[in-house]
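Trainee: I have not looked at this one before. Could you walk me through it?
Mentor: Gladly, let us open it and go step by step.

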Amino acid sequence: MSDRVFKHIDTLVSELVELQRNLVAIPALGPLNGGPGEKDKADWLKKRLEEMELGPVREMNAPASDVPCGYRPNLAAVLPGKDTTRTFWVISHIDVVPPGDDSLWNDDPYTLVRDGDTLIGRGVEDNHQGMVSSLLLARALKDLDLTPPMNLGLLLVADEETGSHFGLEYVVREHADLFGEKDLFLVPDFGTPDAETVEIAEKSMCWIKVVVTGKQCHASTPHEGVNALVAASDLIMRARALYEIFNDTNPLFDPSGSTFEPTKKEANVQNINTLPGRDVFHFDCRVLPHYDLEDVLGELRRMADETEKAFGVRIEIDTVQREQAAPQTPEDSEIVHRVMNAIRTVYGCNPRPVGIGGGTVAAILRRKGHDAVVWSKLNHQAHQPNERSSIANTLGDAKVMAAVLLA
């Protein structure tokens, strides 16, 4: 069965290009990115799914007051399998990011350009490639009149680019009945050009804002003030000890340990001859999942107390963004085995499970007890001007999805 499906997928290049052309032509920008939401693109996709006889299409609209239609759309379609009690879900997102500086684009970002194997346009890789691959797999099964061993589910969600609160997070919270305990989940929204990285874990993330308050004065009389910049520097250096306190490693990740880096620093005084009485800087912390972020923040607070005492300043610590990592998808889980075997079959490479420092929507599934894998063969063109995707990669990814489903 797999060989028949693979061969048919290879005949669908014209449909692939036509899908990308239509998807690129319909911007789907969330309100935080200056757009009206995903409704127009979702309406087109719903019609397409129904034309493919993948209906009834389930609409799960998340109420939203900041878009004209009043909701952010999420769509689900299921092609029944022989075992209808379980579903292999491929989850893609409908929204895209803005084009950015138009002068950096060679052509209109919302008009597809084809150059041999390469497709150019906003969204062609992030996340149209994964979405189109799943649609091609569904088309192949319908054209060949094949019933897969289990259901094939296509879930198209909103709001991935700005937090997923109106997308997968909403679906999981308000429509939990969509998923079964034995379902399998693939999110085709992370990957490398060699196809070998299979994401199964994420680090916790914590962005921290630190405000150090001393006393401003003329720089020629520093004894009359309290230099907030000096105190801030002291805390930055003390915080290097976080690497020693939270020093475990995990070979899934690169780097294998937790990281605690000072990053953004805000301007303090405008002139050289003023001693700053207020200094503001930030940390970006990426922490191995088994550590509790509360413990990290507690250690930083302890260090800040020491700096306060040593320099006579006041230090406020606030979290700008905080995300405790979801449980890891086990390396020996069924979805990991199926995806790794499928990649070997289609691409002939040596895939490996990895953890990443950032976050993906798979965390939403993992927190609900669903084993999820994030994978695709991508060339890292997301969010760039002249965003590109590969026709060969899109066909190959569709075959990987087929191999997972038909195993």
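Mentor: We will begin with the protein overall, then turn to some helices and a few backbone details.

Trainee: Before that, what sort of model is this, and how many helices and strands does the protein have?
Mentor: This is a predicted model, and the secondary structure of the protein comes to 11 helices and 19 strands. Along its principal axes, the C-alpha trace spans about 85 × 45 × 40 Å, and of the 407 residues 55% count as buried.

Trainee: And what share of its contacts join residues at least 24 apart?
Mentor: Taking the contacts between residues at least 6 apart in sequence, 80% join residues at least 24 apart.

Trainee: Okay, helices. How do α2 and α4 cross?
Mentor: Helix α2, residues 13-24, and helix α4, residues 128-143, have axes that come within 10 Å and cross at roughly 135 degrees. The two helices are therefore oblique to each other, and their crossing is right-handed.

Trainee: Which residues meet there?
Mentor: From α2 the contact takes in Glu-15, Leu-16, Leu-19, Gln-20, Leu-23 and Val-24, and from α4 it takes in His-128, Gln-129, Met-131, Val-132, Leu-135, Leu-136 and Arg-139. By class, the residues of this contact divide into eight nonpolar, three polar and two charged.

Trainee: What about α2 with α3, at what angle do those cross?
Mentor: The axes of α2 and helix α3, residues 39-51, come within 11 Å and cross at roughly 150 degrees, and that makes α2 roughly antiparallel to α3. In this contact, Glu-15, Glu-18, Leu-19, Asn-22 and Leu-23 of α2 meet Lys-41, Trp-44, Leu-45 and Arg-48 of α3, and the classes come to four nonpolar, one polar and four charged residues.

Trainee: Back to His-128 for a second, is it buried or exposed?
Mentor: His-128, which is found in helix α4, is buried, with a relative accessible area of 0%.

Trainee: And what does His-128 touch?
Mentor: Leaving aside residues up to four places away in sequence, His-128 touches Gln-20, Leu-23, Val-24, Lys-41, Val-96, Arg-122 and Gly-123. One of these, Val-96, is 32 residues apart from His-128 along the chain, and their C-alpha atoms are separated by 9.1 Å.

Trainee: New topic: which residues of α6 are buried?
Mentor: In helix α6, residues 228-238, the buried residues are Ala-228, Ala-231, Ala-232, Asp-234 and Leu-235. Seen down the axis of α6, they fall within an arc of 155 degrees, so they line one face of the helix.

Trainee: What covers them?
Mentor: The elements that cover the buried residues of α6 include β11 (204-213), β15 (278-287), α8 (293-311) and β16 (314-323).

Trainee: Last thing, the backbone. Where is the peptide bond with omega near 15 degrees?
Mentor: That cis bond runs from Asp-126 to Asn-127, and Asn-127 has its place in the loop between β7 (118-120) and α4. Another cis bond, with omega near 5 degrees, runs from Asp-254 to Pro-255, in the loop between α7 (242-245) and β13 (259-265) where Pro-255 is found.

Trainee: Why point those out?
Mentor: Most residues other than glycine have a negative phi, and most peptide bonds are trans.

Trainee: Then what is the phi of Asp-159?
Mentor: Asp-159 has a positive phi of about 65 degrees although it is not a glycine. Asp-159 lies in the loop between β8 (150-157) and α5 (168-174) and is buried, with a relative accessible area of 1%.

Definitions and conventions. Residues are numbered from 1 along each chain as its sequence is written. This is a predicted model: local features need pLDDT of at least 70, side-chain atom pairs count only at pLDDT 80 or more; totals for chains, interfaces and linings use all residues. Side-chain values use heavy atoms; hydrogens and water are left out. Axes are lines fitted to C-alpha atoms, for helices over the stretch in contact, and angles run from 0 to 180 degrees between N-to-C directions. Helices (H or I, at least four residues) and strands (E, at least two) are DSSP runs, numbered from the N terminus. Angles under 35 degrees count as roughly parallel, over 145 as roughly antiparallel, 65 to 115 as roughly perpendicular and the rest as oblique. A crossing is left-handed if the near helix is turned anticlockwise from the far one by less than a right angle, and right-handed if clockwise. Contact means heavy atoms within 4.5 Å. Ala, Val, Leu, Ile, Met, Phe, Trp, Tyr, Cys and Pro count as nonpolar, Asp, Glu, Lys and Arg as charged, and the others, Gly among them, as polar. Buried means under 20% relative accessible area, exposed over 50%, partly exposed in between (1.4 Å probe, protein chains only). The arc is that of the directions from the helix axis to the C-beta atoms.
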